[in-house]
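Let's walk through how this protein is put together, from its domains down to a couple of odd backbone angles. Take a look at the model first.

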Amino acid sequence: MPTLAEKKSTRGPARTGRPAPELIFGDLWVFDPAPESADPKLKPRYDLFIGGQFVAPKSGKYFASINPANEQKLAEIALAGREDVDAAYAAAERAFSTTWGRLPGRERAKYLFRIARLLQDRAREFAVAETLDGGKPIKESRDFDVPMAAAHFFYHAGWADKLDYVAPGRRVAPLGVVGQVIPWNFPLLMLAWKIAPALAMGNTVVLKPAETTSITCLKLAEILQDAGLPPGTVNFVTGAGETGAAVMGHPTAAKVAFTGSTEVGKIIMRSLAGTEKKMTMELGGKAANIVFDDAPIDQAVEGIVNGIFFNQGHVCCAGSRLLVHEPVADRVLAKLKNRLRVLRVGDPMDKNTDIGAINSKEQLGKIAALVESGVQEGAEIFQPPCRLPTKGYYFRPTIFSGVSMSHRIAREEIFGPVLSILTFRTVEEAIEKANNTAYGLSAGVWTDKGSRILKMSVELKAGVVWANTYNKFDPASPFGGYKESGFGREGGRQGLLDYCKLV
Ligand code: NAP
Ligand code: MG
């Protein structure tokens, strides 16, 4: 452990006026490790959650959930087969026709409030479990994922007895049983986005979390039991893609809601074409974060870093393409490189970590392959020389400059901590480049001019446009895509409308 004097001596030369020597990660400031210590209260084995009970899968099969930060096994998770999915739908159908579906909205609200409060009570425990299972930094699970998940339950609790105002002049009714499948990047938060509006409207649910991140979903099942939610109202079936396909294709599902890749979204849409199921799809993205020369550059640099390196870039709406106005391009790039040099990559459980572990070995491989394609296609790569842990899945934050629209790294979703930088000269060119993508989930605009923000927000074909900020969320604000980023909205009044029929 370095002494205080040693720490001070490595603080860098800024105050002496001498030129900066080549700094490597950790040499600028040496922090003592600050591991989060709360007990995640994990069980060695998690069964399926069907009809309000934990039940063993019919096949008797389990798979391991591992901690991507050190590759250690955390727990065994039940593998649901078709019969288990049938049992989950039967339980959900029963709850819809006998208990949950018959409760008035003001009664449903009480359960949603209870779930939100119980989640708040166990917030630290859930944050630790989320970080261990998924690899995201503890400061993100603690300050973003868990509080936002609770906020979604609170928000929808507030709606449950006011549904007459969701569609003014019309009455709304629940759809029945809804099938939902979610990805691994925000396991608990995506779960809240899915089940809170469905329950507020009076539907019942069968949900499958992602194979690599099932633990907080099954921990939430404990909360649903503690809240006294009528058995069968929410059912969790764990497993991989096949289980997901069984959930999406089940004849009992009146509606399916999917969040995941565009590729799998298209498979589901094809398989359900011609059925009467209602569908919402929250798919991939390749957002443009656009910086004009009149932008507050230092704030913009923070926004760019937050936009792409937050949660290791495992964010559908990540600002993965930086479009920067030519007059400030060199300045922005230089500042970004400096910022990257001091990002802390490493143990997600350390409270000082900025960039944690990549969620799985497969995802690490995908990121590495796309980065390699960027190098091969001639873009200029920058990675800070940080030391990575020897065990676990980690990737250095990466910036590519000199990128053109034909490069794969400018077109394909990387879903990792990799930023591709393009430049533009005029507003029209910025809009054209930003919209020149198959996706349309989000975008960011950095400028001093309000009129330009308004123009950009109209012209950009993206579901969310952030102005002079990035990655800001609120349960009252609808979220969703254009084009291949999907359809339907989650959050706000619009999100509720996707879980009801107008009568
Ligand atoms: P993915 O491979 O599409 O998987 C998403 C979920 O679908 C997982 O639970 C997966 O199971 C399941 N699945 C796989 N094949 C299936 C099939 N044939 N039928 C039904 N379900 C199936 O996506 P991912 O790699 O986990 O997640 C990253 C993607 O999600 C990115 O593209 C990201 O942009 C997108 N995303 C979008 C939003 C949004 O709001 N628009 C939000 C978050 C993420 P297993 O993983 O267990 O195999
Ligand atoms: Mg895991």
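What follows covers the domains, the two sheets, three helix pairs and two loop residues.

**Domains**

Keep in mind that this is a predicted model. The protein splits into two domains: domain 1 takes in 45-283 + 483-502, while domain 2 covers 288-467. Measuring between C-alpha centres, you'd find 30 Å between domain 1 and domain 2. As for the contact between the domains, 30 residues of domain 1 touch 33 residues of domain 2.

**The seven-stranded sheet**

In what order do the strands of the open sheet of seven strands run? Reading across, you get β14-β15-β16-β13-β12-β17-β18, and the pairing is mixed. At the edges sit β14 (380-382) and β18 (464-467), each of them paired on one side only. Ignoring direction, neighbouring strands in this sheet are turned against each other by 20° on average.

Zoom in on one pair in there: strand β15 (residues 398-401) and strand β16 (residues 418-424) run parallel and are joined by three bridges. If you want a spot to check by eye, find T398, which stands opposite V418 in β16. There's a helix to go with this part of the sheet, too. Helix α12 (residues 361-376) lies across β14, β15 and β16, and its direction makes an angle of about 25° with β15.

**The three-stranded sheet**

The other sheet to look at is open as well, with three strands in the order β1-β5-β4 and mixed pairing. Here β1 and β4 (62-67) are the edge strands with a single partner strand each, so each has one side left without a neighbour in the sheet.

How many bridges join β4 to strand β5 (residues 72-78)? There are six, and the two strands run antiparallel. One place to see this pairing is A64, whose bridge partner in β5 is E76. Helix α4 (residues 123-134) lies across β4 and β5, running at about 100° to β4.

A quick bit of background on both sheets: strands pair through backbone hydrogen bonds, and they can do so in parallel or antiparallel fashion.

**Helix pairs**

Here are three helix pairs side by side.

| Helix pair | Angle | Axis distance | Crossing |
|---|---|---|---|
| α3 and α5 | about 165° | 8 Å | left-handed |
| α3 and α7 | about 125° | 9 Å | right-handed |
| α2 and α8 | roughly 40° | within 10 Å | right-handed |

Start with helix α3 (residues 105-121) and helix α5 (residues 138-160), which pack at about 165°. That angle makes α3 roughly antiparallel to α5. The contact residues of α3 include L112, F113 and I115, and those of α5 include F153, F154 and A157. By class, this contact has 13 nonpolar, four polar and three charged residues.

Helix α3 also packs with helix α7 (residues 215-226), at an angle of about 125°. Are α3 and α7 parallel or oblique to each other? They are oblique, and the crossing is right-handed. On the α3 side the contact is made by I115, L118 and L119, and on the α7 side by L220, I223, L224 and D226. Sorted by class, these residues divide into six nonpolar, no polar and one charged. Note that I115 and L119 of α3 take part in the contact with α5 and also in the contact with α7.

Then there's helix α2 (residues 82-98) with helix α8 (residues 241-248), whose axes cross at roughly 40°. These two helices are therefore oblique to each other. Helix α2 brings R82, V85 and Y89 to the contact, while α8 brings T243, A246 and V247. The class count for α2 with α8 is four nonpolar, one polar and one charged.

**Two backbone angles to check**

Which residues outside glycine have a positive phi? One of them is K41, with a phi of about 50°. K41 is found in the loop between α1 (4-9) and β1 (45-46). Another is N311, where phi is near 55°. N311 lies in the loop between α10 (297-309) and β13 (321-325).

Terms used
Residues are numbered from 1 along each chain as its sequence is written. Chains are lettered from A and ligands numbered from 1 in the order in which they are written. This is a predicted model: local features need pLDDT of at least 70, side-chain atom pairs count only at pLDDT 80 or more; totals for chains, interfaces and linings use all residues. Side-chain values use heavy atoms; hydrogens and water are left out. Axes are lines fitted to C-alpha atoms, for helices over the stretch in contact, and angles run from 0 to 180 degrees between N-to-C directions. Helices (H or I, at least four residues) and strands (E, at least two) are DSSP runs, numbered from the N terminus. Angles under 35 degrees count as roughly parallel, over 145 as roughly antiparallel, 65 to 115 as roughly perpendicular and the rest as oblique. A crossing is left-handed if the near helix is turned anticlockwise from the far one by less than a right angle, and right-handed if clockwise. Contact means heavy atoms within 4.5 Å. Ala, Val, Leu, Ile, Met, Phe, Trp, Tyr, Cys and Pro count as nonpolar, Asp, Glu, Lys and Arg as charged, and the others, Gly among them, as polar. Two strands pair if DSSP finds at least two bridges between them. Domain bounds come from an automatic or database domain assignment.
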